[in-house]
Amino acid sequence: MSQRPEENLLSTLPVERHVILRTKLLEWYAEKGRHWIPWKLKADGTSAGSGEAIDPYRIWIAEVMLQQTQLKTMFPYWEKWIKTFPTLFDLANADQQEVLLVWQGLGYYSRARRIHQSSMILLDAIGDTKSLDPNQWPKDLEFWIALPGIGRSTAGSIISSAFDCPSPILDGNVKRVFSRLIACSRPVESVTNRFWCLSEQLLDKQSPRKFNQALMDLGAMVCKPRNPTCLTCPWQKHDCIAYSSGKPNHFPVKASSKSVPYEVIGVGVVLNADGEVLIDQRHDQGLLGGLWEFPGGKKEHGEGIQETIARELREELGIEIEVADLLVDFEHLYSHKRLRFVVHLCNWIAGTPQPFASQKVQWVDPNSLGEFPFPAANAKMIRALNEYLRGDKSSKSH
Ligand code: SF4
């Protein structure tokens, strides 16, 4: 069977082309790169020299935050995190709830729980005092990959950024750039191994920290997901096939899209005679683990939403309630499904709440809800509840 053109390119990209691409990228980075990123600088705000170590703690937290979030979004969270947990020791000794509160709003909460677990492993491996010295941290790729929530690209980025180790990276930005560079006609998921080879071949072994950062900056600043600014790209005149084809936006080729499931969720905001509201804490394992929420569940076929709420609260908490007015009704899009939340105020009638489907259940003063980490969708419910309690009944906006 004959090979597609990009297969030839992937397996036999000539060394002379590696050199040109590498040199042009590093020249561009020297002039245009994001040299201001704080976790990529030394404590005194200056750039590290070749082979010099930078604080891996700040880099590690940033790299995990960047896994599913853009830099401009995660930046204030990173600053808050470093202020709250300035060292590995502070993080490892923090309560999980405190960690989730600082993460609240960034999404994909398992990342926060895994960072917390990893902090204890790292502290055990390095020791309290030594953890303040970047040179005492592990430089071994395998060590980092073995930590919860760290894949090969994140590990490579951490050790190349912190220690200038020659470890390639392949995050979403880099995959997109490579896909365009060679005009790859297949979805990136099916050519990952080959892209890893390309990243390794192109890597500047003398300046891996700079090279990887340059690659990430190119993806974030020039070869952007939509409308790449090819005229400012250092690779435009040097072999970018997608650019030559006149259709850079056609790459990466997408895998056939699956339809996103849609569900309706009935939620009860239950108040008791003392004006307290009922919340429960999700199990640590699984989606949104460890976060608090208002109780509820999926509407069954043929069921009215008020019946759903009464049934869910009976099954999951063992309580009887009266379902009252609609509080708020809105849709929320997750990466894998779309949910419509129909939220009703409820009056508690009978039964002591039990955590049958959660790890904890608690009556709390509505004014103290800010002390508990909630998923993003619940923020709208809290806002609507606050408006209702202030006497503003117009909070049923979508
Ligand atoms: S020339 Fe355009 S498509 Fe090609 S790598 Fe540069 S920005 Fe991306």
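# Exercises on a predicted two-domain model

The shell around the ligand holds 12 nonpolar residues, one polar and one charged. Here Ala, Val, Leu, Ile, Met, Phe, Trp, Tyr, Cys and Pro count as nonpolar, Asp, Glu, Lys and Arg as charged, and the others, Gly among them, as polar.

This is a predicted model: local features need pLDDT of at least 70, side-chain atom pairs count only at pLDDT 80 or more, and totals for chains, interfaces and linings use all residues. Residues are numbered from 1 along each chain as its sequence is written.

## Exercise 1: the ligand shell

Find which residues come nearest to the ligand, and which element gives the largest share of the shell.

*Solution.* Start with the cut-off: a residue is near a molecule or strand if its C-beta atom, placed from the backbone, lies within 6 Å of it. The shell has 14 residues, and C223, C230, C233, C240 and P248 come nearest. Next, assign elements. Helices (H or I, at least four residues) and strands (E, at least two) are DSSP runs, numbered from the N terminus. Two or more shell residues come from each of α10 (172-181) and α13 (241-245). The largest share, three residues, belongs to α10.

## Exercise 2: strand β2

Identify the strands that pair with β2 and state how many bridges join each pair.

*Solution.* Two strands pair if DSSP finds at least two bridges between them. Strand β2 covers residues 277-281. Five bridges join β2 to β7 (residues 360-364), and the two run antiparallel. In that pair, L278 stands opposite W363. Two bridges join β2 to β3 (residues 292-293), again antiparallel. There, Q281 faces W292. Now check burial. A residue is buried if 20 or more other C-beta atoms lie within 10 Å of its own, exposed if 12 or fewer, and partly exposed in between, with C-beta atoms placed from the backbone. Four of the five β2 residues are buried.

## Exercise 3: helix α4

Compare the expected span of α4 with the distance between its end C-alpha atoms.

*Solution.* The expected span is 1.5 Å times one less than the number of residues. Helix α4 (residues 71-84) has 14 residues, so it should span 20 Å. Its end C-alpha atoms are 19 Å apart, which agrees. Then list the buried residues: W78, W81 and I82. Their cover includes α3 (56-65) and α6 (96-103). 

## Exercise 4: backbone outliers

Locate D164 and A183, and decide whether each is buried or exposed.

*Solution.* Take D164. Its phi is positive, about 60°, although D164 is not a glycine. D164 lies in the loop between α9 (152-163) and α10. D164 has 22 other C-beta atoms within 10 Å, so it is buried. Turn to A183. Its phi is about 50°, also positive, and A183 is not a glycine. The loop between α10 and α11 (192-202) holds A183. A183 counts as buried because it has 22 C-beta neighbours inside 10 Å.

## Exercise 5: the two domains

Describe the side of domain 1 that touches domain 2.

*Solution.* Domain bounds come from an automatic or database domain assignment. That assignment gives domain 1 (5-250) and domain 2 (262-389). Their centres, taken over C-alpha atoms, are 38 Å apart. Contact means C-beta atoms, placed from the backbone, within 7 Å. Domain 1 gives 10 residues to the contact and domain 2 gives eight. On the domain 1 side, α6 and α7 (110-126) each give two or more residues. The largest share, four residues, comes from α6. By class, that side has three nonpolar, six polar and one charged residues.

Conventions:
Two residues are in contact if their C-beta atoms, placed from the backbone, lie within 7 Å.
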